[in-house]
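Work through the following exercises with the sequence and the structure open beside you. Try each task before you read its solution.

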Amino acid sequence: MRRIVEEQFEDVHQQRDAATMGMWLFIATEALFFGGLLFAYAVYRGAYYRAFSEASEEMSIVLGGVNTAVLLCSSFSMAMAVQSAKSSRGGRLVFFLALTAVIGAVFLAIKFTEYYEHYQHHLVPGTHFQFSGPHAKQVELFMVFYFVLTGMHAVHMIVGLGMLITLVILARRGRFLGEDYNTVEFGGLYWHFVDIVWVFLFPLLYLVDRSGQ
Amino acid sequence: MSETHDATREYTVTFAVLLILLGVTVGVSYLNLGWFNAFIAVGIAATKMTLIAMFFMHARSARRMTLVVVFAGLFWLGILFTLGLSDYLTRWSLPSPDVWTGQPRP
């Protein structure tokens, strides 16, 4: 039998409290990381509002909207996985963890389809970039923000997928049930945080100004 | 097991509300409300963040010590934005670099 409580802790509750706080601390630093990027975005959006609104119209609202819904689904599934671990239902736990990973992979597939479309439309910043209109350079700047923000988000998703696959393998060996659910809970915290980042990215990048005035 | 059933229902309701808010944020973006559009977009995103944090991430039932860390994170983000914007919002707008416009700056 594997020991659940590490030796520096009094009991499983103290261990859970300490680890929960540590996980939130990590999330706070991650929020500041994305916050810096979003702040820079805000400054340039204020400076080049027209260009940012023109550039945003190049985004597919259908793909972006569907992807937001997809990611919300994966968060729901992750919450269910934590619930299953807590209530010691191993089969359900494996199912929901795997489901979360599959939905996450769907998100990435849609995201990379969008990247391919941007490439075909010459929207990738660099020598390949082409945009007609007076604001071409500012549109290119928007695309830099777009690729850095969604790219960093995608990197977090890929890390999350690796984490989920590890959790599935361990859960299949009968781990994480009952009082041992901490690891799944913290994996969930990370996954939901990545979801929250996208919740902000979607309106900021896809919906700058759709009213078309 | 009643506890489990309650949580499932709670998650389902949260999930449904999140999807509705997604629809609202897309819909509102097609209305022309001027600067208020950005305000609403960020406001809805913040609401979704709060829902995810409270229900999916269990911040609602977190201990006070954990909540201190959660709010410290938000507070630091606040410092980043207020101090940063207090600079940029009180300056003249950023001039485009010469190579962008092709014309020397006056």
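**Exercise 1. Describe the surroundings of A:Thr20.**

Solution. Begin with the position in the chain: A:Thr20 belongs to helix α1 (residues 12–47) of chain A, where helices are DSSP runs of H or I with at least four residues, strands are runs of E with at least two, and both are numbered from the N terminus. The model is predicted, so local features need pLDDT of at least 70 and side-chain atom pairs count only at pLDDT 80 or more, while totals for chains, interfaces and linings use all residues. Residues are numbered from 1 along each chain as its sequence is written, and chains are lettered from A and ligands numbered from 1 in the order in which they are written.

Next, count neighbours: A:Thr20 has 22 other C-beta atoms within 10 Å and is therefore buried (buried means 20 or more such atoms, exposed 12 or fewer, partly exposed in between, with C-beta atoms placed from the backbone). Then look for partners: leaving out residues up to four places away in sequence, A:Thr20 touches B:Ala62 and B:Thr66, a contact being two C-beta atoms, placed from the backbone, within 7 Å. Finally, the C-alpha atom of A:Thr20 is separated by 8.4 Å from that of A:Asn182, although the two residues are 162 residues apart along the chain.

**Exercise 2. Describe chain B and the side of chain B that touches chain A.**

Solution. Start with the chain itself, which has four helices and zero strands and of whose 106 residues 20% are buried. Turning to the contact, 39 residues come from chain B and 38 residues from chain A. On the side of chain B, α1 (2–29), α2 (36–56) and α3 (64–88) each supply at least two residues, and the largest share, twelve residues, comes from α3(B). By class, this side of chain B holds 27 nonpolar, ten polar and two charged residues (Ala, Val, Leu, Ile, Met, Phe, Trp, Tyr, Cys and Pro count as nonpolar, Asp, Glu, Lys and Arg as charged, and the others, Gly among them, as polar).

**Exercise 3. Check whether the length of helix α5 (residues 136–172) of chain A agrees with its number of residues.**

Solution. The expected span is 1.5 Å times one less than the number of residues. For the 37 residues of α5(A) this should give 54 Å, and because the end C-alpha atoms are 52 Å apart, the two values agree. After the helix, look at A:Gly174, which follows α5(A) and has a positive phi, near 90°.
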